[in-house]
Amino acid sequence: MRAYIQLIRYGNCVMAAVAAVIGVFIAFNILNPALLGYSFVYRTLSVFFVVFFVTGAGNAINDYFDYEIDAVNKPSRPIPSGKIGLSKAFYFSITLFIIGVVIAFTLNWITGIIALFNSLVLIYYAKTLKRKAFSGNLSIGYLTGSTFLFGGAVYGISGLYALMILFILATLATTSREIVKDIEDIKGDEKEKANTLPIHIGVKKSAYIASFIGFIAIVSSPLPYILSLLGINYLYIVALADIFFIVAITEIVFYKNASMSSKLFKIAMMFALISFIAGSL
Ligand SMILES: CC(C)=CCC/C(C)=C/CC/C(C)=C/CC/C(C)=C/COC[C@H](O)COP(=O)(O)O
Ligand SMILES: CC(C)=CCC/C(C)=C/CC/C(C)=C/CC/C(C)=C/COP(=O)(O)OP(=O)(O)O
Ligand SMILES: [Mg+2]
């Protein structure tokens, strides 16, 4: 059981699911629909578990396709370490995808389409896209940002629009971090002949691109407050997130420490999530 919890990267699943629930609450605050009581609770729980299961499935299928590269980069992962067999990991992932997509379609057709599309992107990313320069990074950026869209989609098209800014911020920040992670993984990716951005254009240029994208996210971060989507408490806490983003950028540009930069990006993303919660209360 513990190996399967490690395989789905439990922490990322919870983080992604919380982000989607934040999307539900922000869309609710903006649209003020008459959606309360049992229906609201059912939809919020469904959003949480759809994103939890689909993210977990994505992590599992990622490790399934990555088992050779992870034997170099991350030998303690469940598959290379032998805790979970390859075919068991595959069928576990597919089962989670199916459960997540079926629940998503019980909400409405938009949430169903998003969950199905994201599931296909996660499989395509793990099989092919992650070895392609930049498109792999951007797809993870989209997937992460889409958690907010998915939460808003509970209220239909208008909910999607309400969460567009948060979608863009999360996509930018995650794309930036994914490039940093590719700089960190460059040795294993070279062995695997993956054509990631650092391998394609070099570490220095990749670091500058990651920093530029991250910088756009930082300067755009006041927008949810300026556009009255989130309250003043958002501004105070996202300022803390921005400080961590800035330090993460200096780590990769000036100190060339991709591992530290990636960790600082993740901390910044955590604070950013907290700022969304604080701003929507
Ligand atoms: C400037 C600003 C306000 C940015 C927003 C940042 C934000 C809220 C990002 C979204 C956070 C989120 C929804 C995270 C979900 C789970 C997650 C960490 C997704 C991206 O990670 C994929 C990564 O490849 C996992 O690798 P690792 O963390 O090393 O296991
Ligand atoms: C909104 C719905 C229904 C689903 C969203 C699904 C989400 C949130 C995806 C977010 C991104 C994510 C957690 C993707 C999982 C796949 C993954 C682990 C990508 C990174 O893999 P690698 O590039 O191999 O890096 P690692 O070294 O961490 O394995
Ligand atoms: Mg991987």
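**Ligand 1 and the magnesium ion in a predicted model**

In this predicted model, 23 residues sit around ligand 1, and N12, R177, E178, K181 and K266 come nearest.

Q: What makes the pair between ligand 1 and the side chain of K266 a polar contact?
A: An oxygen atom of ligand 1 is 2.6 Å from an N or O atom in the side chain of K266. The cut-off is 3.5 Å, so this pair counts as a polar contact. N12 and R177 pass too: the side chain of N12 has an N or O atom 3.1 Å from a ligand oxygen, and for the side chain of R177 the value is 3.1 Å. As for cover, ligand 1 taken alone exposes 780 Å², and the protein buries 90% of that.

Q: How do you know which helix gives the most to the shell around ligand 1?
A: Just look at the count: α8 supplies 7 residues, the most of any. Helices with at least two residues there include α2 (10-31) and α14 (258-280).

Q: Why is N62 called buried or exposed?
A: Buried means under 20% relative accessible area. N62 has 11%, so N62 counts as buried.

Q: And what about D66, buried or exposed?
A: D66 has a relative accessible area of 3%, again under 20%, so D66 is buried.

Q: What makes N62 and D66 donors of the magnesium ion (ligand 3)?
A: Their atoms, OD1 of N62 and OD of D66, lie 2.1 to 2.2 Å from the ion. The limit is 2.8 Å, so both qualify.

Q: Why are N62 and D66 separated by about one helical turn?
A: Because they're 4 residues apart in helix α3 (residues 37-73).

Conventions. Residues numbered from 1 in each chain as written. Chains lettered and ligands numbered in written order. Predicted model: local features only at pLDDT ≥ 70, side-chain atom pairs only at ≥ 80, totals over all residues. Heavy atoms only, no water. Near = heavy atom within 4 Å. Polar contact = N/O pair within 3.5 Å; in protein donor to acceptor, adjacent residues only side chain to side chain. Areas by Shrake-Rupley, 256 points an atom, 1.4 Å probe, with all protein chains shown as cover. Donors = N, O, S within 2.8 Å, 3.2 Å for Na, K, Ca; no water. Buried < 20%, exposed > 50% of the residue type's maximum accessible area, 1.4 Å probe, protein only.
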